[in-house]
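Work through the exercises below with the structure open. Each task is followed by a solution in steps.

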Amino acid sequence: MSLMDKMKKVSRSLVDTGAKTMLKTDVAFLEREIKQRKQRFGVEVYDCMELLEVDNDMPMEEKEQKIRLAFDRARKDIAVVQAKIECKKEEISVLEAQQKASKAENERFGSGDIPPSSGNVLVSGHPSEMEYGLKD
């Protein structure tokens with residue numbers, strides 16, 4: 001395996017790791033969006049129920065319908081965001097599978113890594129500096 005091939009594999013691994021991290025960040029933001037939508041729904045329903053409690057002229061079925069409408073809107077909005085989350089998680093799974101396959105291939109055919117050290121210590125300084133410390 002040439003040096004260029006090795007560099008390509010390393011750069012591809014870095015790109016995949018970055019992409020995976022970005023997808024995980026996207027999932028976290030989408031989950032936060034769901035939480036915010038649920039909180040907004042709670043405020044909407046509370047406000048709606050507060051107004052409906054005061055309005056005694058409105059039939060009970062119509063009051064229930066208004067609350068149900070708020071719930072249906074929230075459920076639809078949340079379902080859209082959950083679908084986005086599932087897509088992101090699927091992309092993460094694909095990247096992880098590709099990374100595992102690449103790692104397995106490297107182990108099977110030898111990754112060409114630097115062999116383990118022989119235990120010898122290489123010194124690049126002048127011998128007099130090593131023996132007596134730094135020169136004055």
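**Exercise 1. Placing M4 and its patch**

Find the helix that holds M4, then state which residues form a nonpolar surface patch with M4.

Solution. This is a predicted model. Start with the element: M4 sits in helix α1. Next, the patch: M4 joins L3 and M7 in a nonpolar patch on the surface. Last, the area: together the three have about 350 Å² of accessible area.

**Exercise 2. Classifying an aromatic pair**

How are the rings of F41 and F71 arranged: stacked, tilted or edge-to-face?

Solution. Step one is the count: there is 1 aromatic pair. Step two is distance. The ring centres of F41 and F71 are 5.9 Å apart, and a pair needs centres within 6.5 Å. Step three is the angle. The planes meet at 65°, and over 60 degrees counts as edge-to-face. The pair is therefore edge-to-face.

Step four is location. F41 belongs to helix α1, residues 3-54. F71 belongs to helix α2, residues 60-109. The pair therefore ties together parts that are 30 residues apart in sequence.

Step five is accessibility. F41 has 21% relative accessibility, so F41 counts as partly exposed. F71 has a relative accessible area of 31%, so F71 is partly exposed too.

**Exercise 3. Reading the core**

Which residues make up the largest nonpolar core, and which helix supplies the largest share?

Solution. List the members: the largest nonpolar core has 9 residues, namely L23, V27, L30, I34, I78, V81, I85, I92 and L95. Assign them to helices: α1 and α2 each give at least two residues to this core. The largest share, 5 residues, is from α2. As background, nonpolar side chains in soluble globular proteins tend to be buried together.

Now take one member. Setting aside residues up to four places away in sequence, I78 touches I34, R37 and K38.

**Exercise 4. D16 and A79**

Decide whether D16 and A79 are buried, partly exposed or exposed.

Solution. Take D16 first. D16 lies in helix α1. Its relative accessibility is 7%. Buried means under 20%, so D16 counts as buried. Beyond its neighbours within four places in sequence, D16 contacts L95, Q98 and Q99.

Then take A79. A79 lies in helix α2. Its relative accessible area is 41%, so A79 is partly exposed. Finally, check a distance: the C-alpha atoms of A79 and I34 are 9.0 Å apart, with these positions 45 residues apart along the chain counted as separation.

Key: Residues numbered from 1 in each chain as written. Predicted model: local features only at pLDDT ≥ 70, side-chain atom pairs only at ≥ 80, totals over all residues. Heavy atoms only, no water. Phe/Tyr/Trp six-rings, centres within 6.5 Å; stacked < 30°, edge-to-face > 60°. Helix = DSSP H or I, 4+ residues; strand = E, 2+ residues; numbered from the N terminus. Buried < 20%, exposed > 50% of the residue type's maximum accessible area, 1.4 Å probe, protein only. Patch = residues over 30% accessible without salt bridge, like charges linked within 9 Å, V, L, I, M, F, W, Y side chains within 5 Å. Areas by Shrake-Rupley, 256 points an atom, 1.4 Å probe, with all protein chains shown as cover. Salt bridge = Lys/Arg side-chain N within 4 Å of Asp/Glu carboxyl O. Core = buried A, V, L, I, M, F, W, Y, C linked by side-chain atoms within 4.5 Å. Contact = heavy atoms within 4.5 Å.
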